[in-house]
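Please consider the following structural report, which moves from single residues to helices and then to the chain as a whole.

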Amino acid sequence: MVKLTRRLAVYVGSLFLLIGIYTLAYRWGMATYEGESRTWYQSLEIVVQSMTTTGYGQDAPWETRWMTALVILIQVTGIAYIVVAIPQFVVPWLETLVEPAPPTEIDHLEDHVIVVGYTNLCDTLVGELEASGTPYVILEGDEDRARTLHEEGFRVLYGDSDSESTLEAVDLSDALAVVIDATERDPVRTTLTIEARDPEATVLALVADPGDARYFRYAGVDEVLSPRHGLGKALGDRLRDVISPDLETVELGVELDVREFPVEPGLDLFGEPIAASRRLERTGATVLGAWVRGDFVTTLSEGVTADENTSVLVAGTDAELEAVAKRIGTTGVRYRMASGPVVVLGEGLVGTTARGTLERADVDTVSVGPNSGEGIDVVGNSTDEKTLLEAGIDEAEAVIVALEADDDAILATLAARAVAPDVEIIAGAVSGVSVNALRTAGADYVLALPNVAGRMLTMRIFEYEVMTLEDRLYLVEVDAPELVGEELSTAELRRESGCPVVALERRGELETDVDGTAFRRDDRLLVAGTDRQLDRFRERFGGEGQTE
């Protein structure tokens, strides 16, 4: 709208200036070449008649070629101005009549999330909010952008995010959280306005450059998140150990096994709350947790939706795992402990963070980058087969593709799959539209920046529990003297301790379907849990069984 107003001002100003010049020229030309004097208003009338093509009145025809040329010029100029006015002003004006105006007020909201500076990094967040039934509103200061979002079905309010009246209109004081996307804009003023109006508001900010984080902290932001840093951590986490078997009599891989089942579009669980994966336990298997966009969670929430970046970790016998495979529609892969080495392609923030995450988890890495520097083991082009072979990709356990450009990531994935057909490839994508291309190129697992950003925000807003780098999910055999004589309920045991019951060990045999079974004094339970969860189990039900 501002650009249209500016164009209109230039158009009208130049038109009046040209009419004035033509009026003076016509009056002078009539006196000089035709020998007839005209007043300025008579000259103005002729100019207007010519430019609007309505006629020429009493002065036509003209006797001299100079006056004829002047009148022709006036005519052509008038037609040109009319032609220009149609696409520049008439059409946009008509569009404003038929286009819906973005809303400038909304119904009262409570316990909602306010999104300021919406970009595609917030797509996943909005999807999670809609899936969980949490209200939200996008605060957008650009009218065209606000209109587009409104037409796409988002709940949006058009207004200046720096204005206290606008913040009042989006019910800031009743909001669950405020999300500020600062990856493409610089909304520090908005942050200051929010802090001044409601110091108790929970404010989260997304930044493109972690170096900018301190300014938002100075302004009062509760937590500053870097999606690129989060993507690198998620890629590294994907290859570290999350399960640590600490079994005394049960041999994993013989009597019992653990398999990872990816959730794929069109198959069971896709688009459903991750809590729906509990129905897989009807086969007798046990769901230990799930990878959700780079985070491993043991609490399966109704508010988190399973998508193509989700995979479920399930423990059970071979027969039970086969039944799970039939139900979920994919065979899955056997869980294996990280052994390294892992080749990391990329020297930017994503690659550096992925390498650091693996090194802290004691996983050997080989880093490839175009320039020599700290942490770079092989200097070369990550899309070149010779460079990949020099990095030892043919002997690596996995490859992390963490390049800055998606086109380069696709080429590197193609090259890696060509020289090492059996290596596991974990790829990061800047844009969600590159995910399918990377999978087609040969990547086994792809994480896109918008998915990671949305997941980071969801975790912080709803305070979902995720496993930290130091955490492990231990598989242990424990005594439970407080349960002797009671009928087992796996759901109740999980609710009280957080530990899923994988099996009951009785006289050297494993039983996985244990609900309703009376627990005996010489029985033992095979359970899974973090240190904290296992401590809760022991405090509640007694028994022994130590984690390493």
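Leu 269 sits in the loop that joins strand S8 (257-262) to strand S9 (286-292); helices (H or I, at least four residues) and strands (E, at least two) are DSSP runs, numbered from the N terminus. The model is a predicted one, in which local features need pLDDT of at least 70 and side-chain atom pairs count only at pLDDT 80 or more, while totals for chains, interfaces and linings use all residues. Residues are numbered from 1 along each chain as its sequence is written, and side-chain values use heavy atoms, with hydrogens and water left out.

**Residues with positive phi**

Most residues other than glycine have a negative phi. Leu 269, although not a glycine, has a positive phi of about 85 degrees. Its relative accessibility is 3%, so Leu 269 counts as buried; buried means under 20% relative accessible area, exposed over 50%, and partly exposed in between (1.4 Å probe, protein chains only).

Asp 362 also has a positive phi, near 65 degrees, and is a residue other than glycine. Its place is the loop between helix H11 (349-360) and strand S14 (365-369). With a relative accessible area of 71%, Asp 362 is exposed.

**Helices H15 and H2**

Helix H15 covers residues 449-462, and its 14 residues should span 20 Å at 1.5 Å a residue; the end C-alpha atoms are 20 Å apart, which agrees. The expected span of a helix is 1.5 Å times one less than its number of residues. Because 12 of its 14 residues are buried, H15 is largely enclosed by the rest of the structure. The buried residues of H15 include Leu 449, Pro 450, Asn 451, Gly 454 and Arg 455. After H15 comes Glu 463, which has a positive phi near 55 degrees.

Helix H2 (residues 40-51) has 12 residues, for which 1.5 Å a residue gives a span of 16 Å; the distance between its end C-alpha atoms is 16 Å, in agreement. In H2, Ser 43, Ile 46, Val 47, Gln 49, Ser 50 and Met 51 are buried. Thr 53 follows H2 and has a positive phi near 55 degrees.

**Selected residues and their surroundings**

The table gives the place and accessibility of four residues.

| Residue | Place | Relative accessible area |
|---|---|---|
| Thr 190 | helix H7 (residues 188-197) | 2%, buried |
| Thr 124 | helix H4 (residues 123-132) | 13%, buried |
| His 112 | loop between helix H3 (65-98) and strand S1 (113-116) | 0%, buried |
| Leu 411 | helix H13 (residues 406-419) | 45%, partly exposed |

Which residues are in contact with Thr 124, leaving aside its neighbours within four places in sequence? They are Arg 293, Pro 450, Asn 451, Gly 454 and Arg 455, where contact means heavy atoms within 4.5 Å. Pro 450, Asn 451, Gly 454 and Arg 455 are among the buried residues of H15.

With neighbours within four places in sequence again set aside, the contacts of His 112 include Pro 135, Tyr 136, Val 137 and Ala 177. His 112 and Ala 177 are 65 residues apart in sequence, and their C-alpha atoms lie 7.0 Å apart in space. Under the exclusion of neighbours within four places in sequence, Thr 190 is in contact with Val 116, Ser 161 and Asp 162. Thr 190 and Ala 391 are 201 residues apart in sequence, with 47 Å between their C-alpha atoms. For Leu 411 and Gly 432, 21 residues apart along the chain, the C-alpha separation is 17 Å.

**The chain as a whole**

The chain contains 17 helices and 22 strands. Its radius of gyration is 34 Å, whereas a compact globule of 548 residues would have a value near 24 Å. This radius is taken over C-alpha atoms, and the globule rule is 2.2 Å times the number of residues to the power 0.38. Along the principal axes, the C-alpha atoms fill a box of roughly 125 × 60 × 45 Å.

Of the 548 residues in the chain, 51% are buried. Among contacts with a separation of 6 or more, 69% are between residues 24 or more positions apart. The accessible surface is about 25,600 Å², and carbon and sulfur atoms account for 50% of that surface; such areas come from the Shrake-Rupley method with a 1.4 Å probe, and for residues only the protein chains shown count as cover.
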